Amino acid sequence: MPMELTQSRIQKIWLPNDNRPALPRRSCGPQLANSPTVIVMVGLPARGKTYISKKLTRYLNWIGVPTKVFNVGEYRREAVKHYSSYDFFRPDNEEAMKVRRQCAMAALRDVKLYLTEEAGQIAVFDATNTTRERRGMILNFAKENGFKVFFIESVCNDPNVVATNVMEVKLSSPDYRDCNSTDAMEDFMKRINCYQASYQPLDPDDYDRELSLIKVIDVGRRFLVNKVQDHIQSRIVYYLMNIHVQPRTIYLCRHGESEFNLKGRIGGDSGLSNRGKKFAVALNKFVEEQNLKDLKIWTSQLKRTIQTAEALQLPYEQWKALNEIDAGVCEEMTYEEIREQHPEEFALRDQDKYYYRYPSGESYQDLVQRLEPVIMELERQENVLVICHQAVMRCLLAYFLDKSADEMPYLKCPLHTVLKLTPVAYGCRVESISLNIEAVNTHRDRPEEAKKGPNPLMRRNSVTPLASPEPTKKPRINSLEEHVAVSPALPGCVPQEVPTQMPGQPLLGKACLRPVCHFLKVFSLLIFPR
């Protein structure tokens with residue numbers, strides 16, 4: 001007999017009308033049919049592994065695939081509070097090798113916990129993993145637990161990029177707190193050499209031909225892909241092949257104030273108000289002052305964004321994907337009219353704004369899927385100005401700032417304000433620039449009822465993806481300092497207690513090409529001995 005179905009009130013999708021227990025909650029993404037996956041980073045230090053790990057995790061969480069990074073370096077810093085020198089990483093330091101292996105095992109235990117008990121779908125194991133012995137241990141762990149494995153190896157032989165990575169990221173790590181930059185640089189280069197002596201790159205043509213992997217060569221100049229297993233791995237490959245590390249700026253703003261904004265109506269295709277036209281003129285002046293080379297301008301296909309872009313007197317490209325969220329039967333209505341004519345819909349949207357789908361319209365979840373091609377193209381481009389709409393801007397901003405699906409629908413994106421986004425080492429810096437043209441406030445705060453707890457009407461088998469949350473940490477591995485042969489501290493360094501979390505990262509990206517010639521002359525032979 002055909003099964004009876006009931007339409008969920010929030011998402012407007014059909015569900016079985018029975019009393020079967022719900023399956024364990026996973027994400028709403030496209031990977032539900034697949035086993036959990038462990039992404040294993042491979043490569044020498046200062047090759048961008050953590051940069052790739054964090055950026056990929058941000059993307060996967062944004063599209064609805066719960067993902068978390070497990071950085072073995074953080075486990076090592078918890079186990080050994082005081083870093084002394086590169087001697088800790090020498091392959092003949094047996095005591096230190098035992099500690100490093102125990103830290104890797106502690107991280108793998110947390111990976112298992114995350115994927116089996118915490119609704120995780122992908123775990124990123126961020127470490128050097130430069131030997132076949134270490135990768136074999138991870139493969140055995142995955143096989144025992146029924147996890148898929150996908151390797152990402154970052155290979156970089158450009159001494160400019162390596163030295164810049166060390167300067168901009170590694171020298172600010174807790175290992176080198178209170179060290180002068182010259183001593184820290186020299187020590188880190190010797191640390192690289194410790195790994196280089198035993199480095200066994202992935203070999204997809206012979207030894208590793210059965211593994212699923214991608215080799216990212218020279219920061220995206222070239223790629224080598226082998227045995228992609230499923231849809232989510234293919235999306236990971238596609239994403240990695242679109243990102244770059246060149247310095248650039250992304251500007252996000254809404255259209256100028258519209259006639260419907262003045263009336264409090266949502267959606268529709270109205271033109272600009274008088275104040276909206278003044279904003280378009282002010283935006284033109286702002287863009288001229290930025291003096292950006294080869295600026296790309298994107299708009300939606302709705303009248304108000306096109307009118308705003310016309311004032312710039314520059315070429316622009318219209319994207320249908322950038323159109324405002326479709327409010328379905330509620331288009332062109334005020335919130336008061338929706339409350340009166342569709343009281344149940346009004347209440348349901350307040351219960352779960354991310355998953356709620358307007359009747360015959362869209363949800364924020366739908367909007368994220370629609371905007372994925374926009375994100376891919378933004379990652380490929382350099383300087384871009386996106387003139388869009390409130391819900392669209394929230395989704396884009398949530399991607400760049402690593403905001404959760406729960407936070408996304410309540411991000412503040414006021415009219416007549418430009419958000420300047422500058423990608424940095426492990427995230428994105430944002431500046432809010434008001435152009436001083438008055439406009440109505442279209443922001444609605446989260447209702448008090450929605451703050452009280454999770455929504456009981458959420459679709460079964462789904463979970464609001466979190467953006468790599470970090471709850472209060474409990475010790476993951478006991479301190480092992482007393483078991484490690486302590487080397488003399490680096491000259492110019494004062495050992496201090498190392499925090500378990502990384503401090504704020506520097507503003508420049510992992511591979512921005514700022515001149516570093518004075519360092520290269522000193523250390524190039526340390527990186528690439530002849």
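## Burial in helix 10

Buried means under 20% relative accessible area. This is a predicted model, and helix 10 shows the term at work. The helix spans residues 303-310, and its buried residues are Arg 304, Thr 305, Ile 306, Thr 308 and Ala 309.

What do the buried residues of helix 10 pack against? One partner is a helix, helix 9 (274-290). The others are strand 10 (296-299), strand 11 (317-318) and strand 12 (384-388).

## The chain overall

The protein chain has 530 residues, and 56% of them count as buried. Its secondary structure comes to 15 helices and 14 strands.

The exposed surface of the chain is about 24300 Å². Carbon and sulfur atoms supply 50% of that area. Take the contacts between residues at least 6 apart in sequence: 75% of them join residues at least 24 apart.

## Two nonpolar cores

The largest nonpolar core holds 73 residues. Leu 60, Ile 152 and Leu 396 have the most contacts inside it. Helix 14 (residues 390-401) gives this core its largest share, nine residues. A second, separate core has 54 residues, among them Val 72, Ala 107, Ala 127 and Ile 138.

Which residues does Leu 396 touch, beyond those up to four places away in sequence? Its leucine partners are Leu 252, Leu 322 and Leu 371. Val 374, Ile 375, Val 386 and Cys 388 complete the list.

## The second largest pocket

The second largest pocket contains about 480 Å³ of space. Its lining is made up of 28 residues. Nearest the centre lie Arg 265, Ile 266, Tyr 335, Gln 390 and Thr 442. By class, the lining has nine nonpolar, 10 polar and nine charged residues.

Two elements give two or more residues to this lining: helix 8 (259-263) and helix 14. The largest share, three residues, comes from helix 14. Helix 14 also gives the largest share of the 73-residue core.

## Asn 261 in helix 8

Asn 261 sits in helix 8. Is Asn 261 buried or exposed? Its relative accessible area is 12%, so Asn 261 is buried, the cut-off being under 20%.

Setting aside neighbours within four places in sequence, Asn 261 contacts Arg 254, His 255 and Gly 256. It also contacts Leu 415, Val 440 and Thr 442. Leu 415 is 154 residues away from Asn 261 along the chain, yet their C-alpha atoms are separated by 9.7 Å. Thr 442, a contact of Asn 261, is also one of the residues nearest the centre of the second largest pocket.

Terms used
Residues numbered from 1 in each chain as written. Predicted model: local features only at pLDDT ≥ 70, side-chain atom pairs only at ≥ 80, totals over all residues. Heavy atoms only, no water. Core = buried A, V, L, I, M, F, W, Y, C linked by side-chain atoms within 4.5 Å. Buried < 20%, exposed > 50% of the residue type's maximum accessible area, 1.4 Å probe, protein only. Helix = DSSP H or I, 4+ residues; strand = E, 2+ residues; numbered from the N terminus. Contact = heavy atoms within 4.5 Å. 1 Å grid on protein atoms, 1.4 Å probe; cavity = no way out; pocket = protein on both sides within 12 Å on 5 of 7 lines; lining within 4 Å. Points joined across faces, edges and corners; volume = space filled by probe spheres on them. Nonpolar A, V, L, I, M, F, W, Y, C, P; charged D, E, K, R; others polar. Areas by Shrake-Rupley, 256 points an atom, 1.4 Å probe, with all protein chains shown as cover.
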